[in-house]
Amino acid sequence: MPLSGGDRKAQVKAMRDARFIAREYFRKSVLARSIGELKIREADRLFCDAWTNVVVWGGVARNSPTIGQAINGGRPLLWVQCKRCGREPEFDLRLLRRPADTPVHLLEAALFCEPCSAGRKFRARANLLGLRPELLPPEAAQQKQGQ
Ligand SMILES: [Zn+2]
């Protein structure tokens, strides 16, 4: 249906306003999403630290963060201790081929100490001690201190 001159002008103005509103809403949605992602990362970090504080003192390891939460929260290193020799190696969860929604405490059943298990009938099991932040290489740590 053909529009009169006045209707065409009104339509052009309405489209311009709609585009302006759409750009504004899009900008706000990007900002809201980034704030939300930061909040989720903070929640994951706090959850990992809370769980580590319980587990490191011998508390129950159930209800642990998932692998995805540990990585997102900046605590990608699983800290364990061999029940036999007491060594405390760390595993980088980012290198594991497990689904991201796997709770970290379920990994305990698959953990064993290689040096203590070599040549023995039963493998030496390991205890979970918690989740740790990534250790920076020495040169990166120095740069960070210099800032
Ligand atoms: Zn060992």
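Hi everyone, let me start with the overall make-up: this chain has 4 helices and 4 strands. Please keep in mind that what you see is a predicted model. If you walk along the sequence, the elements come in the pattern α-α-β-β-β-α-β-α. The radius of gyration is 26 Å, while the globule rule gives 15 Å for 147 residues, so the chain is more spread out than a compact globule. Along the principal axes, the C-alpha atoms fill a box of roughly 90 × 40 × 25 Å. As for burial, 18% of the 147 residues are buried.

Now, how is the sheet put together? It is an open sheet of 4 strands in the order β2-β1-β4-β3, and the pairing is antiparallel. At the edges sit β2, residues 90–92, and β3, each of which pairs on one side only.

Let's go through the pairings one by one. Between β1 and β2, which run antiparallel, there are 3 bridges. Within that pair, you can find L77 opposite D92 of β2. Next comes β1, residues 77–82, with β4, residues 124–132: these two are antiparallel and share 6 bridges. If you would like a residue to click on there, try C82, whose bridge partner in β4 is A126. Finally, β3, which covers residues 112–113, pairs with β4 in the antiparallel sense over 2 bridges. Here F112 has R125 of β4 as its bridge partner.

On to the core. Which residues have the most contacts inside the largest nonpolar core? This core has 16 residues, and the ones to look at are I67, A70, L78, L93, V104 and L131. The elements that give two or more residues to this core are α1 (5–55), α2 (67–72), β1 and β4.

I'd like to stop at L131 for a moment, as one of those core residues. Setting aside neighbours within four places in sequence, what is L131 in contact with? The list includes C48, W51 and T52, then P65 and A70, and also R75, L77, L78, W79 and V104. You will recognise L77 from earlier, as the residue opposite D92. A70, L78 and V104 also appeared a minute ago, among the core residues with the most contacts.

One last number on contacts. Counting those with a separation of 6 or more, 67% are between residues 24 or more positions apart.

To recap, we have an antiparallel open sheet in the order β2-β1-β4-β3, and a largest nonpolar core of 16 residues. Thanks, everyone!

Note on methods: Residues numbered from 1 in each chain as written. Predicted model: local features only at pLDDT ≥ 70, side-chain atom pairs only at ≥ 80, totals over all residues. Rg over C-alpha atoms; globule rule 2.2 N^0.38 Å. Buried ≥ 20, exposed ≤ 12 C-beta atoms within 10 Å, placed from the backbone. Contact = placed C-beta atoms within 7 Å. Pairing = 2+ DSSP bridges. Core = buried A, V, L, I, M, F, W, Y, C linked by C-beta atoms within 7 Å.
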